[in-house]
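Please open the model in a viewer and keep the sequence at hand. The tour below proceeds by selection, one site at a time.

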Amino acid sequence: MSKMRAVQVTRPNGPFEIVEREIPEPAVGLVRIKIEACGICHSDAVTKEGTWPGIQYPRVPGHEIAGIVDAVGTGAAGWTAGQRVGVGWHGGHCGYCDSCRRGDFVTCQVAPQIPGIAYDGGYAEYMIAPAGTLALIPEGLSAVDAGPLMCAGVTTFNSLRNSGARPGDLVAILGVGGLGHLGIQFAAKMGFKTVAIARGIEKEPLARKLGASHYIDSQTHDPAAELLNLGGAKVVLATVTSGKAMSAALGGLGVNGKLVILGAADAALEINAFFMIGGRRSIMGWPSGSSIDSQDTLAFSKLTGVRAMTQVFPLERAADGYEHMMSGRARFRAVLTTGR
Ligand SMILES: [Zn+2]
Ligand SMILES: [Zn+2]
């Protein structure tokens, strides 16, 4: 019982290798998690492809982790073996930079630690994480459901709740994909008048089922004009990676409206400065959240029934799951399970 299976990458663009490793012991301040499920995120590509500076290989990817506290290192207060926990994009911070001293751990300037990038992540049966990065999974929420909420979930939930939009406001979710299908659900459950924007009409029935009261096909309609017809958006949550699509929706912001960017854009945005000034409009980015934000996401999802649509792959099929995710065929999140 001292060995575990893990899926590692040994060099940039190298294959996923399933290997047997020693089960790690938690040092001071750290906790060992027996992993039940780990979502596959597009950002796992930075480990697979080696595009994140300073990655030490071999590395086990994965930052959408759900499991059970298995062993607690000395000084890791607040957690006991047997608790169900998740770990997400925010997997640690330096504790002494200006951001950390302001309690804003996610924007740590010195050593932001992302599981699967800074240290071994969730494509394994066990992992070690700092105690302060754990989020409690509420009873009744499965590990497969909790995993994707630890990155895709907290990013959409936390950005929406900090966007300044209030119940009844018009909020548009740009993109109906891995992030967008969660964004629509959260926006609707938060009481926003929710608009989904996507290319084509294929996704309209699903978007409406997820809670959108309006749907804009950006292939046949100008999303900016349509949003203005509806009164102008308080928030456009951009979950796509197309700078062109973001630019096309920007003009749909109402007075004091905000474009909130979650997807890394492939091209520069086109901005009409006069339009931005005249209506006090703004653009901001939003980076996930801390462990308590993740815990809030899990609790809200349990409460309101928000769930990621998932396709499950066993750990040994990590390569297939990753391929499925990256090709855009996943509807909408791929999740690895360990059988633990
Ligand atoms: Zn992610
Ligand atoms: Zn810091």
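Begin by selecting His63, which is buried, because its relative accessible area is 1%, under the 20% limit. The coordinates belong to a predicted model.

Next, display the zinc ion (ligand 1) together with its protein donors. These are Cys41 through SG, His63 through NE2 and Cys151 through SG, at 2.0 to 2.2 Å from the ion. Along the chain, the donors of the zinc ion (ligand 1) are spaced as C-x21-H-x87-C. Distant parts of the chain are linked here: His63 sits in the loop between helix H1 (45-49) and strand S4 (64-72), whereas Cys151 belongs to helix H3, 88 residues apart. Now select Cys151 alone; with a relative accessibility of 9%, Cys151 also counts as buried.

From Cys151, extend the selection to the whole of helix H3 (residues 143-161) and add helix H9 (residues 291-304). Their axes come within 8 Å and cross at roughly 95 degrees, which means that H3 is roughly perpendicular to H9. To view the contact, show Ala146, Leu149, Met150, Gly153, Val154, Phe157, Asn158 and Arg161 of H3, and, facing the list from H9, Asp293, Ser294, Asp296, Thr297, Leu298, Phe300 and Ser301. Sorted by class, this contact of H3 with H9 comprises seven nonpolar, five polar and three charged residues.

Finally, move to strands S1 (residues 3-9) and S2 (residues 16-22), which run antiparallel and are joined by seven bridges. Select Ala6 to find its bridge partner in S2, Val19. Six residues lie between the strands of this hairpin, where Asn13 adopts a positive phi near 65 degrees.

Conventions
Residues are numbered from 1 along each chain as its sequence is written. Chains are lettered from A and ligands numbered from 1 in the order in which they are written. This is a predicted model: local features need pLDDT of at least 70, side-chain atom pairs count only at pLDDT 80 or more; totals for chains, interfaces and linings use all residues. Side-chain values use heavy atoms; hydrogens and water are left out. Two strands pair if DSSP finds at least two bridges between them. Helices (H or I, at least four residues) and strands (E, at least two) are DSSP runs, numbered from the N terminus. Axes are lines fitted to C-alpha atoms, for helices over the stretch in contact, and angles run from 0 to 180 degrees between N-to-C directions. Angles under 35 degrees count as roughly parallel, over 145 as roughly antiparallel, 65 to 115 as roughly perpendicular and the rest as oblique. Contact means heavy atoms within 4.5 Å. Ala, Val, Leu, Ile, Met, Phe, Trp, Tyr, Cys and Pro count as nonpolar, Asp, Glu, Lys and Arg as charged, and the others, Gly among them, as polar. Donors are N, O and S atoms within 2.8 Å of the metal (3.2 Å for Na, K and Ca); water is not among the atoms, so sites may look incomplete. Buried means under 20% relative accessible area, exposed over 50%, partly exposed in between (1.4 Å probe, protein chains only).
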